[in-house]
Amino acid sequence: MTETDVGDAAKNYDGEIVDLREESDVSIDVGAGDDGLAYGPSAVAVSAGTEIRWEWTGEGGAHNVEAEADEQIGETDYEFSSGEAETGDDIEYTHTFDEEGIALYHCEPHLSLGMKGSVVIEEEE
Ligand SMILES: [Cu+2]
């Protein structure tokens, strides 16, 4: 989540991973921050088996949630996509993370503006 040649570091990424490993209901805002060009929180840790729900806020224009090995800014253990970027405040996308690993994802229209997120998946104890 640092600056790369693909885009700037996520604006709201302060190096802290929000620990949600005890949570069974995890949601992430799509269109967070002052300009709506961020995920909130942008970095989370969850337990394997957790379903994450991304919820569009309607801020910042059209967004999507995209994790793909080829266009990613680093190694990602996961590939998933919410599809085309969409505008609205009633859009949701869910993905369940069954395996330990790291998922890096981004918003296609705003990758160059640093709209990126990460999920660390840990095995349940
Ligand atoms: Cu976006």
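In the predicted model, P41 is placed in the loop between β3 and β4, and the peptide bond that joins G40 to P41 is cis, with an omega of about -10 degrees. Most peptide bonds are trans.

The protein chain that contains this loop has 10 strands and zero helices, and its pattern, read along the sequence, is therefore an uninterrupted β-β-β-β-β-β-β-β-β-β. Of the 125 residues in the protein chain, 46% are buried. Among the contacts between residues at least 6 apart in sequence, 69% join residues that are at least 24 apart.

Four of the strands form an open sheet with mixed pairing, in the order β3-β2-β5-β8. The edges of this sheet are β3 (38-40) and β8 (92-97), each of which pairs on one side only, and neighbouring strands are turned against each other by 25 degrees on average, with direction ignored. Strand β5, which covers residues 50-56, pairs with β8 in the antiparallel sense over six bridges; within this pairing, E55 has E92 as its bridge partner in β8, and W54 stands opposite Y93.

The side chains along β8 alternate, in that Y93, H95 and F97 point to one face and are buried, whereas E92, T94 and T96 point to the other face and are not buried. Such alternation between the two faces of the sheet is what a regular strand shows.

Strand β5 also holds I52, which counts as buried because its relative accessible area is 0%, a value under the cut-off of 20%. Leaving out residues up to four places away in sequence, I52 touches V26, I28, V44, V46, Y93, T94, H95, F97 and V119. One of these partners, T94, is 42 residues from I52 in sequence, although the two C-alpha atoms are 5.5 Å apart in space.

The largest nonpolar core comprises 24 residues, of which W54 and F80 touch the most other members. At least two residues of this core come from each of β2 (26-32), β4 (43-47), β5, β8, β9 (101-106) and β10 (116-122). When neighbours within four places in sequence are set aside, the contacts of W54 are I28, V30, Y39, V65, F80, I91, E92, Y93, H95, F97 and Y105. In soluble globular proteins, nonpolar side chains tend to be buried together.

The model also contains a copper ion, which is coordinated by ND1 of H63, SG of C107, ND1 of H110 and SD of M115, at 1.9 to 2.6 Å. The angles among the four donor atoms run from 93 to 128 degrees, and the site is tetrahedral, because all of these angles lie between 85 and 135 degrees. For four tetrahedral donors, the ideal angle at a metal is 109.5 degrees. Along the chain, the donors of the copper ion follow the spacing H-x43-C-x2-H-x4-M. H63 lies in the loop between β5 and β6 (66-67), while H110 lies in the loop between β9 and β10, so that this pair ties together parts of the chain that are 47 residues apart in sequence. Both histidines fall under the cut-off of 20% for burial: H63 counts as buried because its relative accessibility is 0%, and H110 counts as buried at a relative accessibility of 10%.

Note on methods
Residues numbered from 1 in each chain as written. Predicted model: local features only at pLDDT ≥ 70, side-chain atom pairs only at ≥ 80, totals over all residues. Heavy atoms only, no water. Pairing = 2+ DSSP bridges. Axes fitted to C-alpha atoms, helices over the stretch in contact; angles between N-to-C directions. Core = buried A, V, L, I, M, F, W, Y, C linked by side-chain atoms within 4.5 Å. Buried < 20%, exposed > 50% of the residue type's maximum accessible area, 1.4 Å probe, protein only. Contact = heavy atoms within 4.5 Å. Donors = N, O, S within 2.8 Å, 3.2 Å for Na, K, Ca; no water. Tetrahedral: all angles 85-135°; square planar, octahedral: opposite > 155°, others 65-115°.
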